[in-house]
Amino acid sequence: MFPPRTGQQYHLVFGRYEATVTEQGAALRSLTLEGKDIIVPFDEDDIPNCCRGQLLIPFPNRIEDGEYEFEGTQYVLPIDEHERHNAIHGYGYRAYWTRLACTDNSVSLQWRAPALEGYPFDVIVTADYRLDEHGLSLTLSALNNGSTDAPWAAAMHPWLANGRYSTGDAIEQDNAECHLRVPADTHVVADDRLLPRGTEPVDGTIYDLRDNPTLEGRPFDDAWTDLHHDEDGNASAVFTRPDGMTITVSGGPTITSFQVCTGTGFPEAIRPQGVAVEPQTAYANAFRSGKDLIVIKPGDTSVTSIRISAEQR
(Lines give C-alpha, C1' and ligand atoms only; values in the text may rest on other atoms or scores of the structure.)
Protein backbone atom coordinates (compact mmCIF):
# COMPACT_ATOMS: atom_id res chain seq x y z
CA MET A 1 0.00 0.00 0.00
CA PHE A 2 1.52 3.28 -1.10
CA PRO A 3 1.29 6.51 0.95
CA PRO A 4 -0.57 9.52 -0.48
CA ARG A 5 1.03 11.32 -3.42
CA THR A 6 2.14 14.14 -1.10
CA GLY A 7 3.82 11.57 1.15
CA GLN A 8 3.33 10.97 4.84
CA GLN A 9 0.80 13.24 6.55
CA TYR A 10 1.72 14.76 9.91
CA HIS A 11 -1.45 15.71 11.77
CA LEU A 12 -0.89 18.18 14.62
CA VAL A 13 -3.37 19.14 17.35
CA PHE A 14 -3.29 21.70 20.14
CA GLY A 15 -6.39 23.13 21.80
CA ARG A 16 -8.63 24.76 19.21
CA TYR A 17 -6.10 24.35 16.39
CA GLU A 18 -5.39 21.46 14.02
CA ALA A 19 -2.89 21.30 11.17
CA THR A 20 -1.56 18.85 8.61
CA VAL A 21 1.96 19.03 7.20
CA THR A 22 3.01 16.89 4.23
CA GLU A 23 6.21 14.99 3.60
CA GLN A 24 6.39 16.49 0.11
CA GLY A 25 7.79 19.99 0.43
CA ALA A 26 7.14 20.18 4.19
CA ALA A 27 3.96 21.93 3.04
CA LEU A 28 1.15 23.14 5.27
CA ARG A 29 -1.79 21.21 3.79
CA SER A 30 -4.43 22.41 6.24
CA LEU A 31 -4.84 24.64 9.27
CA THR A 32 -8.10 25.06 11.17
CA LEU A 33 -9.50 26.85 14.20
CA GLU A 34 -12.40 25.00 15.83
CA GLY A 35 -12.89 23.15 12.54
CA LYS A 36 -12.95 26.26 10.34
CA ASP A 37 -10.38 26.61 7.59
CA ILE A 38 -7.73 29.25 8.22
CA ILE A 39 -5.96 28.42 4.96
CA VAL A 40 -7.38 26.94 1.76
CA PRO A 41 -6.56 23.22 2.14
CA PHE A 42 -5.70 20.67 -0.51
CA ASP A 43 -6.27 16.91 -0.55
CA GLU A 44 -3.44 14.52 0.24
CA ASP A 45 -3.35 13.12 -3.32
CA ASP A 46 -3.76 16.46 -5.08
CA ILE A 47 -1.23 18.70 -6.75
CA PRO A 48 -1.19 21.75 -4.42
CA ASN A 49 -1.82 24.18 -7.25
CA CYS A 50 -1.07 27.87 -6.85
CA CYS A 51 1.66 26.80 -4.40
CA ARG A 52 -0.83 26.53 -1.55
CA GLY A 53 0.97 26.07 1.76
CA GLN A 54 4.39 25.67 0.15
CA LEU A 55 7.84 26.66 1.39
CA LEU A 56 9.61 28.56 -1.37
CA ILE A 57 13.34 27.89 -1.10
CA PRO A 58 16.16 28.61 -1.86
CA PHE A 59 14.40 31.50 -3.59
CA PRO A 60 10.78 32.68 -3.61
CA ASN A 61 8.99 34.18 -6.56
CA ARG A 62 10.79 34.71 -9.87
CA ILE A 63 14.30 34.91 -11.28
CA GLU A 64 14.40 36.66 -14.63
CA ASP A 65 15.33 34.26 -17.45
CA GLY A 66 16.53 31.82 -14.78
CA GLU A 67 19.96 33.45 -14.82
CA TYR A 68 21.96 35.12 -12.06
CA GLU A 69 25.51 35.98 -11.05
CA PHE A 70 26.81 35.31 -7.55
CA GLU A 71 30.29 36.24 -6.38
CA GLY A 72 31.64 36.37 -9.93
CA THR A 73 30.11 33.13 -11.25
CA GLN A 74 27.16 32.85 -13.64
CA TYR A 75 24.42 30.31 -12.91
CA VAL A 76 21.50 29.13 -15.05
CA LEU A 77 18.32 27.64 -13.56
CA PRO A 78 15.59 25.70 -15.38
CA ILE A 79 12.74 27.80 -16.76
CA ASP A 80 9.54 26.57 -15.16
CA GLU A 81 7.25 29.56 -15.70
CA HIS A 82 7.32 29.28 -19.46
CA GLU A 83 4.76 31.94 -20.33
CA ARG A 84 6.96 34.58 -18.64
CA HIS A 85 10.33 32.84 -19.15
CA ASN A 86 11.24 32.83 -15.46
CA ALA A 87 12.52 30.37 -12.91
CA ILE A 88 10.04 30.33 -10.05
CA HIS A 89 9.77 29.32 -6.39
CA GLY A 90 12.90 27.22 -5.99
CA TYR A 91 13.15 23.48 -5.42
CA GLY A 92 12.14 22.62 -1.88
CA TYR A 93 8.44 22.11 -2.59
CA ARG A 94 9.14 19.37 -5.13
CA ALA A 95 10.97 16.91 -2.87
CA TYR A 96 10.09 14.57 -0.02
CA TRP A 97 11.59 15.83 3.22
CA THR A 98 13.12 13.64 5.93
CA ARG A 99 11.33 13.49 9.27
CA LEU A 100 13.56 14.27 12.23
CA ALA A 101 10.97 14.30 15.01
CA CYS A 102 7.21 14.30 15.52
CA THR A 103 4.90 14.84 18.51
CA ASP A 104 1.17 15.45 18.92
CA ASN A 105 1.63 19.16 18.23
CA SER A 106 4.93 19.43 16.33
CA VAL A 107 6.94 18.03 13.46
CA SER A 108 10.50 18.65 12.29
CA LEU A 109 11.42 17.93 8.65
CA GLN A 110 14.70 18.36 6.78
CA TRP A 111 15.75 18.83 3.15
CA ARG A 112 19.19 19.08 1.59
CA ALA A 113 19.54 21.07 -1.62
CA PRO A 114 20.41 18.58 -4.38
CA ALA A 115 23.63 18.89 -6.38
CA LEU A 116 22.42 21.03 -9.29
CA GLU A 117 24.37 23.23 -11.66
CA GLY A 118 21.99 26.15 -11.23
CA TYR A 119 22.22 26.02 -7.43
CA PRO A 120 25.26 23.93 -6.43
CA PHE A 121 25.33 25.21 -2.84
CA ASP A 122 25.16 22.62 -0.06
CA VAL A 123 22.37 24.05 2.07
CA ILE A 124 20.56 21.89 4.61
CA VAL A 125 17.13 23.21 5.60
CA THR A 126 15.10 22.28 8.67
CA ALA A 127 11.42 23.19 9.01
CA ASP A 128 10.10 23.05 12.57
CA TYR A 129 6.31 23.35 12.79
CA ARG A 130 4.59 23.70 16.16
CA LEU A 131 1.02 24.32 17.30
CA ASP A 132 0.38 26.09 20.59
CA GLU A 133 -2.28 28.32 22.13
CA HIS A 134 -1.20 31.15 19.80
CA GLY A 135 -1.53 29.17 16.56
CA LEU A 136 1.04 27.69 14.20
CA SER A 137 4.71 28.64 14.30
CA LEU A 138 7.32 27.76 11.69
CA THR A 139 11.04 28.04 12.26
CA LEU A 140 12.98 27.64 9.04
CA SER A 141 16.73 27.08 9.50
CA ALA A 142 19.17 27.00 6.57
CA LEU A 143 22.67 25.67 7.31
CA ASN A 144 25.45 26.25 4.79
CA ASN A 145 27.18 22.88 4.86
CA GLY A 146 29.52 23.82 2.00
CA SER A 147 32.87 25.54 1.75
CA THR A 148 31.71 28.65 -0.16
CA ASP A 149 29.13 31.38 0.49
CA ALA A 150 25.55 30.45 -0.46
CA PRO A 151 22.80 32.82 -1.70
CA TRP A 152 19.52 32.32 0.10
CA ALA A 153 15.98 33.66 0.26
CA ALA A 154 12.81 32.08 1.61
CA ALA A 155 9.06 32.51 1.82
CA MET A 156 5.94 30.73 2.94
CA HIS A 157 2.93 30.70 0.59
CA PRO A 158 -0.32 30.28 2.57
CA TRP A 159 -3.61 31.01 0.82
CA LEU A 160 -5.80 32.49 3.55
CA ALA A 161 -9.35 31.16 3.28
CA ASN A 162 -12.09 33.77 2.82
CA GLY A 163 -14.59 31.58 4.67
CA ARG A 164 -16.73 30.89 1.62
CA TYR A 165 -16.79 28.20 -1.03
CA SER A 166 -17.51 29.99 -4.31
CA THR A 167 -15.77 29.10 -7.55
CA GLY A 168 -14.33 31.05 -10.45
CA ASP A 169 -14.97 34.76 -10.73
CA ALA A 170 -17.40 34.70 -7.77
CA ILE A 171 -14.33 34.42 -5.54
CA GLU A 172 -13.46 38.00 -6.50
CA GLN A 173 -16.58 39.33 -4.74
CA ASP A 174 -15.97 37.15 -1.69
CA ASN A 175 -12.42 38.50 -1.43
CA ALA A 176 -13.66 42.06 -1.95
CA GLU A 177 -15.60 41.84 1.33
CA CYS A 178 -12.44 40.95 3.25
CA HIS A 179 -10.11 43.47 4.86
CA LEU A 180 -6.31 43.30 4.67
CA ARG A 181 -3.76 45.23 6.66
CA VAL A 182 -0.13 45.10 5.51
CA PRO A 183 2.22 47.35 7.53
CA ALA A 184 4.32 48.49 4.56
CA ASP A 185 5.29 51.91 3.24
CA THR A 186 6.46 50.83 -0.21
CA HIS A 187 4.92 48.96 -3.14
CA VAL A 188 7.11 47.05 -5.59
CA VAL A 189 6.32 48.03 -9.19
CA ALA A 190 6.35 45.01 -11.53
CA ASP A 191 6.27 44.55 -15.30
CA ASP A 192 4.09 42.16 -17.31
CA ARG A 193 6.46 39.30 -16.38
CA LEU A 194 5.82 40.10 -12.69
CA LEU A 195 9.45 41.14 -12.29
CA PRO A 196 10.31 44.19 -10.16
CA ARG A 197 11.15 47.37 -12.03
CA GLY A 198 11.28 49.79 -9.11
CA THR A 199 9.39 50.84 -6.01
CA GLU A 200 6.94 53.59 -5.05
CA PRO A 201 5.44 54.96 -1.83
CA VAL A 202 2.00 53.56 -1.10
CA ASP A 203 0.63 56.94 0.02
CA GLY A 204 -2.55 57.87 -1.86
CA THR A 205 -2.67 54.67 -3.92
CA ILE A 206 -4.70 51.46 -3.87
CA TYR A 207 -1.55 49.81 -2.51
CA ASP A 208 -1.83 51.56 0.84
CA LEU A 209 -2.97 48.72 3.08
CA ARG A 210 -1.80 50.23 6.36
CA ASP A 211 -5.31 51.21 7.50
CA ASN A 212 -6.95 47.83 6.90
CA PRO A 213 -9.06 48.57 3.79
CA THR A 214 -11.32 46.11 2.04
CA LEU A 215 -9.99 44.34 -1.04
CA GLU A 216 -12.75 45.73 -3.26
CA GLY A 217 -11.16 47.06 -6.44
CA ARG A 218 -7.78 45.70 -5.40
CA PRO A 219 -6.77 42.80 -7.69
CA PHE A 220 -3.23 42.06 -6.56
CA ASP A 221 -0.25 39.93 -7.41
CA ASP A 222 2.20 42.37 -5.83
CA ALA A 223 4.88 42.80 -3.21
CA TRP A 224 5.18 45.33 -0.40
CA THR A 225 8.35 46.26 1.43
CA ASP A 226 9.70 48.74 4.02
CA LEU A 227 7.71 46.86 6.62
CA HIS A 228 6.93 48.08 10.12
CA HIS A 229 8.37 45.63 12.66
CA ASP A 230 7.23 45.77 16.29
CA GLU A 231 9.53 45.90 19.32
CA ASP A 232 9.89 42.10 19.14
CA GLY A 233 11.05 42.32 15.53
CA ASN A 234 7.83 40.98 13.99
CA ALA A 235 5.90 42.35 11.01
CA SER A 236 2.25 41.25 10.90
CA ALA A 237 -0.30 41.24 8.09
CA VAL A 238 -3.93 40.91 9.23
CA PHE A 239 -6.72 39.43 7.09
CA THR A 240 -10.31 39.88 8.31
CA ARG A 241 -13.19 37.87 6.84
CA PRO A 242 -16.91 38.66 6.68
CA ASP A 243 -17.61 35.77 9.07
CA GLY A 244 -15.62 37.51 11.81
CA MET A 245 -12.45 35.44 11.64
CA THR A 246 -9.27 37.48 11.84
CA ILE A 247 -6.08 35.80 10.58
CA THR A 248 -2.65 37.18 11.41
CA VAL A 249 0.46 36.21 9.46
CA SER A 250 3.64 37.36 11.21
CA GLY A 251 7.29 37.17 10.27
CA GLY A 252 10.40 37.80 12.31
CA PRO A 253 13.32 40.17 11.63
CA THR A 254 14.44 38.40 8.44
CA ILE A 255 11.05 39.02 6.78
CA THR A 256 11.46 42.11 4.60
CA SER A 257 8.35 41.95 2.39
CA PHE A 258 4.91 40.48 1.87
CA GLN A 259 3.56 39.22 -1.44
CA VAL A 260 -0.24 39.36 -1.83
CA CYS A 261 -2.12 37.51 -4.57
CA THR A 262 -5.90 37.62 -4.97
CA GLY A 263 -5.87 35.05 -7.78
CA THR A 264 -7.69 37.44 -10.11
CA GLY A 265 -8.08 35.88 -13.53
CA PHE A 266 -6.80 32.46 -12.49
CA PRO A 267 -8.49 29.49 -14.19
CA GLU A 268 -11.65 28.46 -12.35
CA ALA A 269 -10.47 24.87 -11.84
CA ILE A 270 -7.46 25.89 -9.76
CA ARG A 271 -8.39 29.22 -8.18
CA PRO A 272 -8.26 29.08 -4.36
CA GLN A 273 -11.11 30.57 -2.30
CA GLY A 274 -9.08 33.27 -0.63
CA VAL A 275 -5.98 35.43 -0.77
CA ALA A 276 -2.31 34.48 -0.64
CA VAL A 277 -0.43 36.51 1.99
CA GLU A 278 3.21 35.48 1.82
CA PRO A 279 5.96 36.57 4.23
CA GLN A 280 9.26 36.75 2.33
CA THR A 281 12.89 37.38 3.22
CA ALA A 282 13.23 38.91 -0.27
CA TYR A 283 10.90 39.70 -3.14
CA ALA A 284 11.25 38.62 -6.78
CA ASN A 285 14.60 38.62 -8.60
CA ALA A 286 16.72 38.84 -5.43
CA PHE A 287 19.33 36.47 -6.87
CA ARG A 288 19.86 38.98 -9.71
CA SER A 289 19.32 42.28 -7.91
CA GLY A 290 20.91 41.36 -4.59
CA LYS A 291 18.07 43.23 -2.85
CA ASP A 292 17.55 41.69 0.61
CA LEU A 293 19.50 38.61 -0.49
CA ILE A 294 20.86 36.60 2.45
CA VAL A 295 24.41 35.33 2.01
CA ILE A 296 25.10 32.38 4.32
CA LYS A 297 28.75 31.89 5.19
CA PRO A 298 30.16 28.34 5.39
CA GLY A 299 29.09 26.77 8.67
CA ASP A 300 26.55 29.50 9.43
CA THR A 301 22.77 29.17 9.68
CA SER A 302 20.07 31.62 8.60
CA VAL A 303 16.88 31.39 10.68
CA THR A 304 13.45 32.71 9.69
CA SER A 305 10.40 32.61 11.96
CA ILE A 306 6.78 32.77 10.77
CA ARG A 307 3.51 32.47 12.68
CA ILE A 308 -0.13 32.10 11.61
CA SER A 309 -2.85 32.66 14.20
CA ALA A 310 -6.59 33.28 14.12
CA GLU A 311 -9.43 34.54 16.25
CA GLN A 312 -13.15 34.04 15.67
CA ARG A 313 -15.39 36.93 16.71
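# Briefing on a predicted single-chain model

Ser108 is buried, with a relative accessible area of 10%. This residue belongs to strand β11, which covers residues 106-112, in a model that is predicted. The chain holds 2 helices and 26 strands. Its radius of gyration is 18 Å, close to the 20 Å that the globule rule gives for 313 residues, so the chain is as compact as a globular protein of that length.

**Overall dimensions, surface and charge**

- The C-alpha trace spans about 50 × 50 × 40 Å along its principal axes.
- Of the 313 residues, 57% count as buried.
- Among contacts with a separation of 6 or more, 65% are between residues 24 or more positions apart.
- The chain exposes about 13200 Å², and carbon and sulfur atoms supply 48% of that area.
- Side chains with negative charge number 47, and those with positive charge number 24. The centres of the two sets lie 2 Å apart.

**Nonpolar cores**

- The largest nonpolar core has 73 residues, of which Leu28, Leu31, Ile38, Tyr119, Tyr129 and Trp152 touch the most other members.
- Strand β12 (residues 123-132) gives this core its largest share, 5 residues.
- A second, separate core has 6 residues, including Val40, Trp159, Cys261 and Ala276.
- Beyond its neighbours within four places in sequence, Leu28 is in contact with Ala19, Thr20, Val21, Ile39, Phe42, Arg52, Gly53, Tyr129, Leu136, Met156 and Ile308.

**Surroundings of Ser108**

- Residues up to four places away in sequence aside, Ser108 touches Thr98, Arg99, Leu100, Ala101, Thr126, Ala127 and Asp128.
- Ser108 and Leu140 are 32 residues apart along the chain, and their C-alpha atoms are separated by 9.9 Å.

**Val202 and Ser257, with Trp224 as a shared contact**

- Val202 sits in the loop between β19 (196-201) and β20 (221-227).
- Val202 counts as buried because its relative accessibility is 0%, the cut-off for burial being under 20%.
- Not counting residues up to four places away in sequence, Val202 touches Ala184, Asp185, Thr186, His187, Tyr207, Asp208, Arg210 and Trp224.
- The C-alpha atoms of Val202 and Trp224 are 8.8 Å apart in space, with their positions 22 residues apart in sequence.
- Ser257 lies in strand β23, residues 257-261, and is buried with a relative accessible area of 0%.
- Once neighbours within four places in sequence are set aside, the contacts of Ser257 are Trp224, Thr225, Leu227, Glu278, Pro279, Gln280, Ala282 and Tyr283.
- Trp224 therefore appears among the contacts of Val202 and among those of Ser257.

**Backbone geometry**

- The peptide bond from Ile57 to Pro58 is cis, with omega near 0 degrees.
- Pro58 is located in the loop between β5 (54-56) and β6 (62-64).
- Cys51 is not a glycine, yet has a positive phi of about 60 degrees.
- Cys51 lies in the loop between β4 (36-37) and β5, and is buried at a relative accessible area of 13%.
- Asp292 likewise has a positive phi of about 60 degrees without being a glycine.
- The loop that holds Asp292 runs between α2 (286-289) and β25 (294-296).
- Asp292 counts as partly exposed, with a relative accessibility of 25%.

**Pro298 and its contacts**

- Pro298 is placed in the loop between β25 and β26 (301-312).
- Pro298 counts as partly exposed at 36% relative accessibility, since that class falls between the cut-offs of 20% and 50%.
- Neighbours within four places in sequence aside, Pro298 is in contact with Asn144, Gly146, Ser147, Thr148 and Asp149.
- Pro298 and Asp149 are 149 residues apart in sequence, while their C-alpha atoms are 5.9 Å apart in space.

How values were computed. Residues numbered from 1 in each chain as written. Predicted model: local features only at pLDDT ≥ 70, side-chain atom pairs only at ≥ 80, totals over all residues. Heavy atoms only, no water. Helix = DSSP H or I, 4+ residues; strand = E, 2+ residues; numbered from the N terminus. Rg over C-alpha atoms; globule rule 2.2 N^0.38 Å. Buried < 20%, exposed > 50% of the residue type's maximum accessible area, 1.4 Å probe, protein only. Contact = heavy atoms within 4.5 Å. Areas by Shrake-Rupley, 256 points an atom, 1.4 Å probe, with all protein chains shown as cover. Lys, Arg positive; Asp, Glu negative; His and termini not counted. Charge placed at Lys NZ, Arg CZ, Asp CG, Glu CD. Core = buried A, V, L, I, M, F, W, Y, C linked by side-chain atoms within 4.5 Å.
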